[in-house]
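Welcome! Take a moment to turn the model around on your screen, and then let us walk through it together.

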Amino acid sequence: MSPSRSVPFVDSPLHWEISDELFAKYRELIYREAGIALNDSKKSLLISRVAGRLRELGVASFAEYYNVVEDPAAADERGRLLDRICTNETQFFRDPRQFLYLNDEVFPRLEAAAARDGKRRVRAWSAACSTGEEPYSLAMALLQRFPRSSGWQIEVVATDLSNKVLGAARQALWPIDKAGDIPLHYRKAFMLRGTGSQTGKMKVGPEIREIVSFSRMNLNDPVYSVSGPFDVIFCRNVLIYFDKESKTKVVDRLLTHLAPDGCLFLGHAETATTITDRLVSVGPNVYARVPEGSGAEAVAV
């Protein structure tokens, strides 16, 4: 048996240095691939998050790794690079104000529209779903209000750039200590407590998993692979990573998939009214289309 490859460089910080010129190349590649704009202060973030991947591959330096990921045939490895760069912080029912807005404002409008048109169908899109807490939260809120036993058709589409987090989302399995993030009535109705080898874990019940679908999608792509329209689009805590040009393009693309009377939900540090004049603020980081010819102006909430 041949001896294993020696990789003494992994413990030497010198091998993890990145020149300004090389960092600029990484920034350009990441921006081109994902629309994520890294400023000069993010060099240490790139090093800390990607160094582990170099160790896994036995690559001796960031310069050598750049030669790997910039190869046109290395799409899979570029995906792994982006997995490392993306921040995937999330939780169940994050920002309760927005779920309250759904319940008090959006859901009654959907019920009124169904009574008027006879169409009992609601579609929601979680456009940066991370490990799944957001789309499953949406599904719980929707099924609680619009039960399939009453003839409602509910669909939640969930997309993300990262294959890694999508894999975790499809498993729908979390430590039981996350149960506190889920309101009790949803927890009792839709969550399962693990037993035996799954003790200490919880899983989303089958009724919820049946209505949520996951797929990989890059918000930086010129055309989105989902089929609208959607009554609700959640795209929270994503725009903060884009520059003004990319933000504008993403919001414009999202609007092509938003129903005429639908709502776009952004993160607490994001706003749409400084990006486009096609949206008006109607709730806590919630936006609706400005009616054509209305002359409506954005309203701070």
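Of the 301 residues in the protein chain, 47% are buried. Keep in mind that this is a predicted model. Its secondary structure comes to ten helices and ten strands, and the C-alpha trace spans about 70 × 55 × 30 Å along its principal axes. Among contacts with a separation of 6 or more, 72% join residues that are 24 or more positions apart.

**A look at helix H1**

How far apart are the end C-alpha atoms of helix H1? Helix H1 covers residues 20-34, which makes 15 residues; at 1.5 Å a residue they should span 21 Å, and the end C-alpha atoms are indeed 21 Å apart, so the two values agree.

Which residues of H1 are buried? They are Leu 22, Phe 23, Tyr 26, Leu 29, Ile 30 and Ala 34. Seen down the axis of H1, these buried residues fall within an arc of 125°, so they line one face of the helix. A general rule helps here: an α-helix has 3.6 residues a turn, so residues three or four places apart point the same way. On the other side of H1, Asp 20 and Glu 21 are exposed. Just after H1 comes Gly 35, which takes a positive phi of about 75°.

**The partners of H1**

The buried residues of H1 pack against three helices, shown in this table.

| Helix | Residues |
|---|---|
| H2 | 43-57 |
| H3 | 62-69 |
| H4 | 75-85 |

Let us pick out H3. H1 and H3 pack at an angle of about 30°, with their axes 11 Å apart. Because angles under 35 degrees count as roughly parallel, H1 and H3 are therefore roughly parallel to each other. H1 passes H3 in a left-handed crossing. On the H1 side of this packing you will find Leu 22, Lys 25, Tyr 26 and Leu 29, which meet Phe 62, Ala 63, Tyr 65, Tyr 66 and Val 69 in H3.

**A residue in a loop**

Now find Leu 239, in the loop between strand S7 (230-234) and helix H10 (244-255). Is Leu 239 buried or exposed? Its relative accessibility is 1%, so Leu 239 counts as buried, since the cut-off for buried is under 20%. Leaving aside neighbours within four places in sequence, Leu 239 is in contact with Lys 247, Val 250, Val 251, Leu 266, Glu 270 and Ile 275. Glu 105, by contrast, lies 134 residues from Leu 239 in sequence and 24 Å from it in space, C-alpha to C-alpha.

Technical notes:
Residues are numbered from 1 along each chain as its sequence is written. This is a predicted model: local features need pLDDT of at least 70, side-chain atom pairs count only at pLDDT 80 or more; totals for chains, interfaces and linings use all residues. Side-chain values use heavy atoms; hydrogens and water are left out. Helices (H or I, at least four residues) and strands (E, at least two) are DSSP runs, numbered from the N terminus. The expected span of a helix is 1.5 Å times one less than its number of residues. Buried means under 20% relative accessible area, exposed over 50%, partly exposed in between (1.4 Å probe, protein chains only). The arc is that of the directions from the helix axis to the C-beta atoms. Contact means heavy atoms within 4.5 Å. Axes are lines fitted to C-alpha atoms, for helices over the stretch in contact, and angles run from 0 to 180 degrees between N-to-C directions. Angles under 35 degrees count as roughly parallel, over 145 as roughly antiparallel, 65 to 115 as roughly perpendicular and the rest as oblique. A crossing is left-handed if the near helix is turned anticlockwise from the far one by less than a right angle, and right-handed if clockwise.
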